[in-house]
Each structure stands twice: as C-alpha cells, then as structure tokens.
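Here's a quick briefing to read alongside the coordinates. Have the viewer open and follow along.

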Amino acid sequence: MRFCLTMKSSGVGLCVLALGMCQIIIARKVLDCNVTGEWRNELGSRLLLTSVGPEVRGVYRTAVESVRGAAGPNREAKVIGVISDGPQPTIAFSVLWAKGSCASWVGQCFTLPGGDQVLNTLWMLRSAVSSSMNDWDGTRLGDDRFVFLRGAESP
Ligand SMILES: *[C@@H]1O[C@H](CO)[C@@H](O)[C@H](O)[C@H]1NC(C)=O
C-alpha cells in the first residue's frame, strides 16, 4: 500500500502493477496446504485425513496389496499420524493392515501455483517374515504422490 501511494505521482500503470503484486502475496497466504479431506494417489488408493493440532487421523483404502487379502476384505485400515504446523506442513502417518503388515509414509503437503494441493511422500511397507534369516525379504520401499480431491465437509 505504501508503495502504491508513493508511486501514485509516477503514473496509474505502475500503481496497478503494485496492487497486483499485493494481491498475489495475499493469495499465497490464504492458500495454506490443509490435509483435512480426501486424497488419491497415482495407483487410485484413497486417503481420508483429519488433522487436529499436531495429530492426524483417518482411513486408508488401498488399491493394491503385496499379497491378495493382505489388506483385509475391504482393503481399509485406520491411519494414525503427526503433522507440523506452517503453510506447507510435513506429515508422517502409519497404517496396520488386517493380516499383520504395516506401512508408514513421510512427506510434505504443498500448494501448487494453481491452488491444487499435493502430498509428496516416501513409504515403507513391512510384511512379517518367518525368521530373522528372512529379514531381507520383509520391507518394501516406494514413493506416493497424493492429490487432493475434496475437503471434509463436501459430499
Ligand atoms: C481445513 O479444512 C477443513 C475442512 O475441509 C476445515 O474444517 C478446517 O477448518 C481447515 N483448517 C484450517 C486450519 O483452515
């Protein structure tokens, strides 16, 4: 605003330019990444999250399984996690699957220039193996990119 006022004498065009810059800065501030709502990853898995302070809760519905049936009959499991504050928070969450495997994701929520939200994560999936001899075979590692579908209050 002060910039606009001091520039007024130099011409309306410059002032309009300065106002535009102010608006862009305001828009950036409003578009904090909010994880509460429904997400989908590149495989079609669905993630429903609610954040309350530094904690996240939710439901993960996976589109894939390490072994048929590993994630249970409806492929759904409870999500428990933590999240930082700030405009683009870091997040870590875990899931325990019906047949005893568990998985954790760590990542960060970003707001893209167009306003879309993404959650870029790395994950590890641990399947139970019969002994420490087979330990090498127990863990899978990958990356997931979730895109935001809708906020929690929408149908
Ligand atoms: C995040 O979005 C949910 C609804 O989707 C809303 O209830 C909540 O207030 C939002 N949180 C912040 C910090 O804006």
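Which residue in strand 4 is the bridge partner of Arg61? It's Glu76. Keep in mind that this is a predicted model. The overall picture is a closed barrel of 8 strands, running 1-2-3-4-5-6-7-8 with antiparallel pairing. Neighbouring strands of this sheet are turned by 30° against each other on average, if you ignore direction.

**Strands 1 to 3**
- Strand 1 (residues 37–40) runs antiparallel to strand 2, and 4 bridges join the two.
- Gly37 has Leu49 in strand 2 as its bridge partner.
- The hairpin made by strand 1 and strand 2 leaves 5 residues between them, and Gly44 in that turn has a positive phi of about 95°.
- Strand 2 is joined to strand 3 by 7 bridges, again antiparallel, with Val52 standing opposite Glu55 in strand 3.
- That second hairpin has just 2 residues between its strands, and here Gly53 in the turn shows a positive phi of about 60°.
- Side chains alternate along strand 2: Leu47, Leu49 and Ser51 point to one face and are buried, while Arg46, Leu48, Thr50 and Val52 point to the other and are not.

**Strands 3 and 4, and the loop between them**
- Strand 3 and strand 4 pair in the antiparallel sense over 7 bridges.
- Arg75 sits in the loop between these two strands.
- Most residues other than glycine have a negative phi.
- Arg75 goes the other way, with a positive phi near 55°.
- Arg75 counts as partly exposed because it has 18 C-beta neighbours inside 10 Å.

**The core**
- The largest nonpolar core holds 20 residues, and Val35, Trp39, Val56 and Ile91 touch the most other members.
- Elements giving two or more residues to this core include strand 2 (46–52), strand 3 (55–61), strand 5 (90–96) and strand 8 (139–150).
- Setting aside neighbours within four places in sequence, Val35 is in contact with Leu49, Ser51, Val56, Ile83, Ile91, Cys109 and Leu119.

**Around Val106**
- Val106 belongs to strand 6.
- Is Val106 buried or partly exposed? It's partly exposed, because 16 other C-beta atoms lie within 10 Å, and buried would take 20 or more.
- Leaving out residues up to four places away in sequence, Val106 touches Ala92, Thr121 and Leu122.
- Val106 and Trp123 are 17 residues apart along the chain, yet their C-alpha atoms are separated by 6.5 Å.

Note on methods: Residues numbered from 1 in each chain as written. Predicted model: local features only at pLDDT ≥ 70, side-chain atom pairs only at ≥ 80, totals over all residues. Core = buried A, V, L, I, M, F, W, Y, C linked by C-beta atoms within 7 Å. Buried ≥ 20, exposed ≤ 12 C-beta atoms within 10 Å, placed from the backbone. Helix = DSSP H or I, 4+ residues; strand = E, 2+ residues; numbered from the N terminus. Contact = placed C-beta atoms within 7 Å. Pairing = 2+ DSSP bridges. Axes fitted to C-alpha atoms, helices over the stretch in contact; angles between N-to-C directions.
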